[in-house]
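I opened this structure at the bench today and kept short notes. The entries follow in the order I looked things up.

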Amino acid sequence: MGIVWAIETTMDKFVVRGPPPNHNKEKPKLKKKKKPLTQSTILDAKKVIALEKTKVMIMELQTNKDDPEKILDLLLNFAGKTFEPCVLTELDLISTVRPLTSHENDIVSTKAQELVDKWELRLSQPSKPQIQVRAGGKDERLRRNFRNMFLKQFTKSIPKNLVDEQKDRCKQLTELMEGIVFTMLNNRRVTERYKRVCRKLAAQFSFNNTASKLLDGEISVKSYVSKAVQLIRL
């Protein structure tokens, strides 16, 4: 046994231990997940302005003054569009964005100033020919009826003294709500789902002081609408 042990020990000295197999091969690179492609539409064109969507963005800008991230996101959306002088005048965009030039957030104030300077320069230039397309009379009438229904149910669900004090604010919130429903469904027309979402939203104003919370800003209008849209699926 002792001899065998000595032989094994001697043999071990001559064993050449090389690198493990595949040592010099490069490690396989992880493939990056590609972002899903989305279909572009005419509304994605830089010079095509959806007035309805832009008005909703303006109302969101006015109701989210304490949220720098949201404000910056809206300003970047504005920066991605080319507005003609007549559109800037109609929407009064410069007056809406100008107060943000003195915002406490430096990034927001800088971006707002860039937009104001750009739009003021654009106002001094002549307008180019444009085509304005409007929805049919029936759709506009239905949407106006839903906005009136929102305002009526909303004012019923809050104390009367608040209605008198914040009448304009109530109207602004209800118009913003209807506009978000219309643009969020992304079909640009009045559908049965749009009607169902609007009726559900109006019915929930009185539940758990929802209207008062929306008026005070405890609940954001967009999150409130998003939940209703997710619950109602065709």
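How many disulfides does a search of the whole structure find? I got 0. The model is predicted, and I keep that in mind for every entry below. I also looked up two cysteines: Cys86 is partly exposed at 31% relative accessible area, whereas Cys198 is buried at 0%.

Overall make-up. I counted 12 helices and 0 strands in the chain. Of its 234 residues, 32% count as buried. I then took the contacts between residues at least 6 apart in sequence, and 73% of these join residues at least 24 apart. The exposed area of the chain is about 16700 Å², with 53% of it supplied by carbon and sulfur atoms.

Helix α3. I checked the length of α3, residues 68–79: its 12 residues should span 16 Å at 1.5 Å a residue, and the end C-alpha atoms are 16 Å apart, which agrees. The buried residues here are Lys70, Ile71, Leu74, Leu75 and Phe78. Viewed down the axis of α3, they fall within an arc of 135°, so they line one face of the helix. They pack against α2, α5, α6 and α12.

Lysine on the buried list. Lys70 has a relative accessibility of 17%, and buried means under 20%, so Lys70 counts as buried. Which side chain does Lys70 meet in a salt bridge? I found Glu60, at 3.1 Å from N to O. Lys70 is in helix α3 and Glu60 in helix α2, so the pair ties together parts 10 residues apart in sequence. Glu60 is buried as well, at 7%.

Other salt bridges. My count came to 7. One of them joins Arg98 and Glu120 at 2.9 Å, N to O. Arg98 sits in the loop between α5 and α6, and Glu120 in helix α6, so this pair ties together parts 22 residues apart in sequence. Both ends are partly exposed: Arg98 at 39% and Glu120 at 36%. Lys195 and Glu192 meet at 3.5 Å; both lie in helix α10, 3 residues apart, about one turn of the helix. Arg143, Arg147 and Glu178 are linked in a network of salt bridges.

Helix α9. Glu178 from that network is also among the buried residues of α9, as are Cys170, Leu173 and Phe182. The helix covers residues 167–184 and reaches 26 Å from first C-alpha to last, close to the 26 Å expected. I noted that its buried residues pack against α2, α7, α10, α11 and α12.

Key. Residues are numbered from 1 along each chain as its sequence is written. This is a predicted model: local features need pLDDT of at least 70, side-chain atom pairs count only at pLDDT 80 or more; totals for chains, interfaces and linings use all residues. Side-chain values use heavy atoms; hydrogens and water are left out. A disulfide is a pair of cysteine sulfur atoms within 2.5 Å. Buried means under 20% relative accessible area, exposed over 50%, partly exposed in between (1.4 Å probe, protein chains only). Helices (H or I, at least four residues) and strands (E, at least two) are DSSP runs, numbered from the N terminus. The expected span of a helix is 1.5 Å times one less than its number of residues. Contact means heavy atoms within 4.5 Å. The arc is that of the directions from the helix axis to the C-beta atoms. Accessible areas come from the Shrake-Rupley method with a 1.4 Å probe; for residues, only the protein chains shown count as cover. A salt bridge is a side-chain nitrogen of Lys or Arg within 4 Å of a carboxyl oxygen of Asp or Glu.
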